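The following exercises ask you to read the side-chain environment of one residue and the pairing of several strands from coordinates. Work through each task before you turn to its solution.

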Amino acid sequence: MHWLLHISGQSAAAIAESPLRIGSDPGSEIYLAHPGVAPLHARLIPDGSGLLWLEPAADEAAAVHVNGRRIVRAALVTPGDDLHLGNCALRLSSASKPEATRRPAAQPTNFSGRVLLRSLSGADTGRAHVLVNSLCIGRSDLSEVRIDDTALAERQILLQRQGNDVFVKNLSPVLEMRVDGWICEEAVLQPGAHISIEQHRFRFEGPCAEVLPMAEVELAEPAPFVTVNAESASEPARRIFSPAQWILLAAAVAISGFFIILLSFSP
């Protein structure tokens with residue numbers, strides 16, 4: 001797990017694999033020298049599967065909020081979440097800032113699957129917006145994701161497919177856009193990435209593609225020709241078209257044949 005906890009007025013703290021105590025006790029792994037923070041205010045608990053939990057202390061006076069909502073038991077937190085322990089503001093982010101340019105992939109992403117932008121806040125919480133070619137978030141009625149908030153621009157955020165990547169761009173930099181907790185003007189989105197602007201939050205959901213390090217891509221050699229044998233022939237062939245695309249192709253062929261027959265019998 002490689003995440004960072006950004007603390008107002010302090011340097012960022014790295015999230016380790018073991019539980020971390022957060023509080024005003026100097027012996028805490030994450031020390032918060034802020035008034036209103038209890039000696040043991042909360043704990044960050046990695047569960048070993050890549051998930052991170054925030055558990056408030058037993059003291060009811062030690063208030064803990066995640067994205068503006070108070071929690072009384074352990075809550076799952078992700079990069080991009082805003083945390084408040086008492087009057088101390090914290091922000092969870094990925095360890096590194098998202099890439100602003102594309103990187104070569106070992107295999108192209110299969111875009112026959114659905115690519116979604118899921119709302120995580122407001123009245124549309126849980127609603128999924130399908131990304132076909134591009135998708136705009138803003139106050140305009142023409143935006144695919146319309147948000148009735150006068151603080152937002154008519155066109156605030158644009159998501160767009162470019163080859164095997166999906167880019168997000170802040171069209172109106174008056175407001176800061178954050179991707180996985182980092183302030184970005186534009187970024188390449190990875191599946192599971194969180195996008196936020198003010199109190200509005202979204203999660204990008206899509207198929208995964210294995211990414212190779214740059215050095216491996218540059219030194220990679222063409223694969224040698226391999227003769228297909230019985231064992232390899234028994235393996236399933238790679239899908240060229242999705243079932244929906246096959247149906248559309250068959251329909252186009254049938255319609256073309258019908259018009260050819262009509263033209264051949266017409267006087």
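**Exercise 1: the surroundings of H200**

In this predicted model, the side chains of H200 and D149 are joined by a polar contact of 2.7 Å. Determine whether H200 is buried or exposed, and establish which residues H200 touches when those up to four places away in sequence are not counted.

Solution. Begin with the location: H200 lies in strand β22, which covers residues 200-205. Next, take the relative accessibility of H200, which is 11%, and compare it with the cut-off for buried, under 20%; H200 therefore counts as buried. Finally, list the contacts with residues up to four places away in sequence set aside, which gives S121, I147, D149, L152 and I195.

**Exercise 2: a sheet with mixed pairing**

Find the order of the strands in the open sheet of five strands, and identify the bridge partner of A42 in β6.

Solution. The order is β4-β3-β5-β6-β9, and the pairing is mixed. Its edge strands, each pairing on one side only, are β4 (30-31) and β9 (75-77). Within this sheet, β5 (residues 42-46) and β6 (residues 52-56) pair in the antiparallel sense over five bridges, and the partner of A42 is P56.

**Exercise 3: a sheet with antiparallel pairing**

Find the strand order in the open sheet of six strands, and identify the bridge partner of V66 in β10.

Solution. The order is β2-β1-β11-β10-β7-β8, with antiparallel pairing. The strands at its edges, β2 (13-14) and β8 (69-70), each pair on one side only. Strand β7 (residues 64-66) is joined to the antiparallel strand β10 (residues 82-85) by three bridges, and V66 has L83 as its bridge partner.

How values were computed:
Residues are numbered from 1 along each chain as its sequence is written. This is a predicted model: local features need pLDDT of at least 70, side-chain atom pairs count only at pLDDT 80 or more; totals for chains, interfaces and linings use all residues. Side-chain values use heavy atoms; hydrogens and water are left out. Helices (H or I, at least four residues) and strands (E, at least two) are DSSP runs, numbered from the N terminus. Buried means under 20% relative accessible area, exposed over 50%, partly exposed in between (1.4 Å probe, protein chains only). A polar contact is a pair of N or O atoms within 3.5 Å; within protein, one must be able to donate a hydrogen and the other to accept it, and residues adjacent in sequence count only if both atoms are side-chain atoms. Contact means heavy atoms within 4.5 Å. Two strands pair if DSSP finds at least two bridges between them.
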